[in-house]
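The following questions and answers explain how certain descriptive terms are applied. Each answer sets a value against the definition of the term.

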Amino acid sequence: MSITAQLRDSVRLPGGDSLVNGFAFEGRCGGARRALLRGGGRLEVYDLDRLFAGEAEADAGFAVPWPGWEHGGHSVSPDGAFAVFSGQRAVRAVGVGGETLWEYRHGCWGPELGHPHSGDEQEVCRGLEHGSCRVSDDGRVVWAHVVGDEDCLEYWVVLDAADGRELARLPLDSAAAGSHHLSHPDGIHMGLSIGMGQDGILLHRARWDGERLTAWDLNETMDRILADVHPGHRGYLTVEHYGADLRLHALDGDALATAVPEAEACWDYGCGFVDAGTVIASTVDGAEDPDGAGHWLLDARSLEVRGQLTYPDGPATGYVRPLGDGTWLTYDGRTGTLDRWSAGIP
């Protein structure tokens, strides 16, 4: 069945491709949905509702530390007062005036164990490996995926957002190429997805109650990417590393529903909750099905496919960014335009 996509809003946003094909989107439980876009040595923060309302200027901007370091998953506090950057050798909190509020030093993400550093201690070394960080929804702590300073092992640490003091750490059995955080809308749990290239994906979930870190290892297959969460669901959505299926999980990791793409198509990484009742997912074409690419709507409980989306210019390909409120985003790289869509009546 074909489902018509209706254009709700459109705005020109250079660099907005990282919002739908990357980790520039940051949503808060009951709060703002933001685009964190890097450019010109700064991290520009846009409130998406104000952006689509015609306010084209960024709400805030933060100086990016460590010239030459272009990796890592960064985060902005719920009140917009500071940003936290995941660097090659440190996690750093920066205020709106560009001042360093604190820095948590850790081992180097560079791929060569024990390699020497020359010049400035923060000089960027060879390699693309990186961690990530996330300010909690209450703004009190920072979660960060880092490398140990002495043993070169990887850790998931909880830091005091006020001063960067380490509150807790969890050793990880990973050798990351990169990672990203996703906070659960219950305001309690944090998810961490660690990509290890061809060696698969690791998933972890944890909570910090102010005194104790409790963590769950969700690595049944070591090959699932943490995709999205929604206030209407206790659990989370994942996609298999190579696109073999989508899966809805309970909070403890148990599979509640699974969706396998038709024919030779594969699910792409772009998927998530349009709203509590609907999931949007994209497919890439397979060798025997060159027309298999497209965007699809699925039931958010059963993951049964409802139909393929048709846009005004025809079937769409590429990434999508669902916003959880009944709409989703696409990006036109030719025009630098960010479009916001909703589903019409089939």
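A residue counts as buried when its relative accessible area is under 20%. By this standard, both Y311 and W341 are buried in this predicted model.

Q: Why does W143 count as buried?
A: The relative accessibility of W143 is 3%. The limit for buried is under 20%, so W143 meets it. W156, at 1% relative accessibility, counts as buried as well.

Q: How many aromatic pairs does a search of the whole structure find?
A: The search finds two aromatic pairs.

Q: Why is the pair of W143 and W156 called tilted?
A: The ring centres of W143 and W156 lie 5.1 Å apart, and the planes stand at 50°. Rings pair if their centres lie within 6.5 Å, while planes under 30 degrees apart count as stacked and over 60 as edge-to-face, with the rest tilted. The angle of 50° falls in the remaining range, so the pair is tilted. W143 belongs to strand β11 and W156 to strand β12, 13 residues apart, and the pair links distant parts of the chain.

Q: What makes the pair of Y311 and W341 edge-to-face?
A: The planes of Y311 and W341 are 85° apart, with 4.7 Å from centre to centre. An angle over 60 degrees counts as edge-to-face, and the centres need to lie within 6.5 Å; the pair therefore meets both conditions. Y311 is in the loop between β25 and β26, whereas W341 is in strand β28, 30 residues apart.

Q: What sits over the ring of Y155?
A: The charged end of R169 sits there, 4.3 Å from the ring centre. In another such arrangement, R205 lies over the face of W216 at 4.0 Å from the ring centre.

Q: Why do β14 and β17 stand at the edges of their sheet?
A: The sheet is open, with four strands in the order β14-β15-β16-β17 and antiparallel pairing. β14 and β17 each have a single partner strand, so one side of each is left without a neighbour in the sheet. The twist averages 20° from one strand to the next.

Q: How do you know that β14 and β15 pair?
A: Two strands pair if there are at least two bridges between them. Six bridges join β14 to β15, so the condition is met. In β15, G191 is the bridge partner of L182.

Q: Which residues lie nearest the centre of the largest cavity?
A: They are M190, G191, R205, L226 and Y236, among the 14 residues of the lining. The volume of this cavity is about 110 Å³. β15 gives the most to its lining, with four residues.

Key
Residues numbered from 1 in each chain as written. Predicted model: local features only at pLDDT ≥ 70, side-chain atom pairs only at ≥ 80, totals over all residues. Heavy atoms only, no water. Phe/Tyr/Trp six-rings, centres within 6.5 Å; stacked < 30°, edge-to-face > 60°. Helix = DSSP H or I, 4+ residues; strand = E, 2+ residues; numbered from the N terminus. Buried < 20%, exposed > 50% of the residue type's maximum accessible area, 1.4 Å probe, protein only. Lys NZ or Arg CZ within 6 Å of the ring centre and 35° of its normal. Axes fitted to C-alpha atoms, helices over the stretch in contact; angles between N-to-C directions. 1 Å grid on protein atoms, 1.4 Å probe; cavity = no way out; pocket = protein on both sides within 12 Å on 5 of 7 lines; lining within 4 Å. Points joined across faces, edges and corners; volume = space filled by probe spheres on them.
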